[in-house]
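Hi,

Here is the structure I promised to pass on. Have a look at it first, and my notes follow underneath.

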Amino acid sequence: MNNPVVIIGAGLSGLRTASLLNEQGIKCKVLEARDRIGGRVLSTSDSTKSDLGKFDLGPTWFWPQYERTIANLIKELNLETFDQYTEGAMMWERYQDKPPERYILPENSNPRSVRFIGGVQSLIDAVAETIPSEIVDLETRVTKIRLNEDGNITVEAVLANGKREEILASAVILALPPRIVARHIEFSPALPTDLITDLVKKSTWMAGHAKAVAIYDRPFWRELGLSGFASSQVGPLQEIHDASPETGSGALFGFLGIPARMRRELGENKILELILDQLVRLFGPSAKNVNSILYKDWSQDPETAVDEDLDPLRDFPIYGKPPKAGIWEKKIIFAGTETNSQFGGHLEGALQSAEQAVSEITNLRNKFL
């Protein structure tokens with residue numbers, strides 16, 4: 001294995017894979033189409049008041065009582081976390097023509113969820129610090145993967161300046177959404193038909209969704225005895241949670257219940273107007289005093305979503321390892337949260353898939369020793 005292992009995708013799974021390979025002395029290279037690391041992890045702030053904190057527009061929580069891989073990694077990296085705020089009543093909005101109802105949930109009705117100080121980006125940054133910076137190439141979009149007669153692989157990519165680059169690889173780890181692989185990367189020879197079918201069927205986690213975060217000077221709803229948790233059948237947000245940092249400012253985040261195609265028709269400005277109206281209905285007139293509303297529609301992110309992701313999900317996606325890759329077997333390895341059967345869609349699934357991919361690479365290397 002003289003050529004490096006090429007990892008496509010610098011999300012949590014890709015970066016963790018690189019970290020583990022580097023730890024074992026296995027040469028690797030990470031290629032990322034975006035101009036940033038993190039993939040679907042996106043922690044950002046109010047551009048006019050960055051001192052209010054960072055807020056997650058991608059994944060937000062993990063559950064340490066169930067998810068041991070991420071819990072152990074957080075200890076290893078000495079990251080700071082805090083429990084999701086859940087004290088107080090929830091609001092339930094059931095009818096268009098009636099005011100929201102207030103409910104006290106039974107104690108311990110929801111499992112304990114945990115958040116990162118500084119957002120989930122703090123996890124991404126900490127993992128990235130464990131690998132040499134020159135390993136990661138940003139704005140490098142892989143367009144084709146070619147299996148050569150000598151058994152090595154050529155990865156073809158387009159750079160931000162339009163130039164094309166070819167990288168020789170001993171193996172390729174695909175740490176990006178399966179549908180992106182199927183729709184945007186050409187393979188020569190072609191992947192087996194049953195494999196392509198499986199990849200397309202694996203709905204990309206979050207790809208059809210949009211998320212909004214309303215930022216305030218303080219979490220005023222707590223003064224009203226509210227937890228910040230709300231459920232709505234009216235919308236536009238169908239589920240809302242307290243997104244405040246551990247101390248200081250306040251924030252509420254919600255998942256849009258409006259389908260992706262309808263969101264495109266309405267436009268961002270109209271959606272933000274509807275969101276603010278809903279927050280006022282649920283949490284009172286103080287909700288009008290918003291500093292800003294951060295918004296991310298993942299269905300319009302070309303590195304996340306394909307056309308199939310515009311259709312609303314009817315059931316929870318079935319995730320797990322794709323079928324065997326025919327002539328590509330042991331040449332390409334799939335990673336990413338959609339390839340994990342137990343924790344698919346979670347940060348835990350991304351990390352477990354990275355460990356599995358590294359295990360497969362290690363087994364291949366041992367055959368050459």
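Val158 has Arg164 of strand 12 as its bridge partner. Keep in mind that this is a predicted model. Strand 11 (residues 153-159) and strand 12 run antiparallel, with six bridges joining them. Both belong to an open sheet of four strands, ordered 12-11-10-14, with mixed pairing. At its edges sit strand 12 (164-169) and strand 14 (186-188), each of which pairs on one side only. On average, neighbouring strands in this sheet are turned by 25° against each other, ignoring direction.

Now the pockets, which are probably more your thing. The largest one holds about 930 Å³ of space. It has 39 lining residues, and those nearest its centre are Trp205, Met206, His209, Gln238 and Phe255. Strand 18 contributes the most to that lining, with three residues. By type, the lining splits into 21 nonpolar, ten polar and eight charged residues.

The second largest pocket comes in at about 740 Å³. Its lining counts 25 residues, with Tyr85, Thr86, Ser109, Asn110 and Pro111 closest to the centre. Here strand 17 gives the most, with three residues; strand 17 (237-242) also supplies at least two residues to the lining of the largest pocket. The split for the second largest pocket is ten nonpolar, nine polar and six charged.

One last thing: helix 3 (residues 121-128) is mostly covered, with six of its eight residues buried. Those are Gln121, Ser122, Leu123, Ile124, Ala126 and Val127. Among the elements they pack against are helix 1 (12-23), helix 2 (68-77) and strand 8 (114-116).

Cheers

How values were computed:
Residues numbered from 1 in each chain as written. Predicted model: local features only at pLDDT ≥ 70, side-chain atom pairs only at ≥ 80, totals over all residues. Heavy atoms only, no water. Buried < 20%, exposed > 50% of the residue type's maximum accessible area, 1.4 Å probe, protein only. Contact = heavy atoms within 4.5 Å. Pairing = 2+ DSSP bridges. Axes fitted to C-alpha atoms, helices over the stretch in contact; angles between N-to-C directions. 1 Å grid on protein atoms, 1.4 Å probe; cavity = no way out; pocket = protein on both sides within 12 Å on 5 of 7 lines; lining within 4 Å. Points joined across faces, edges and corners; volume = space filled by probe spheres on them. Nonpolar A, V, L, I, M, F, W, Y, C, P; charged D, E, K, R; others polar.
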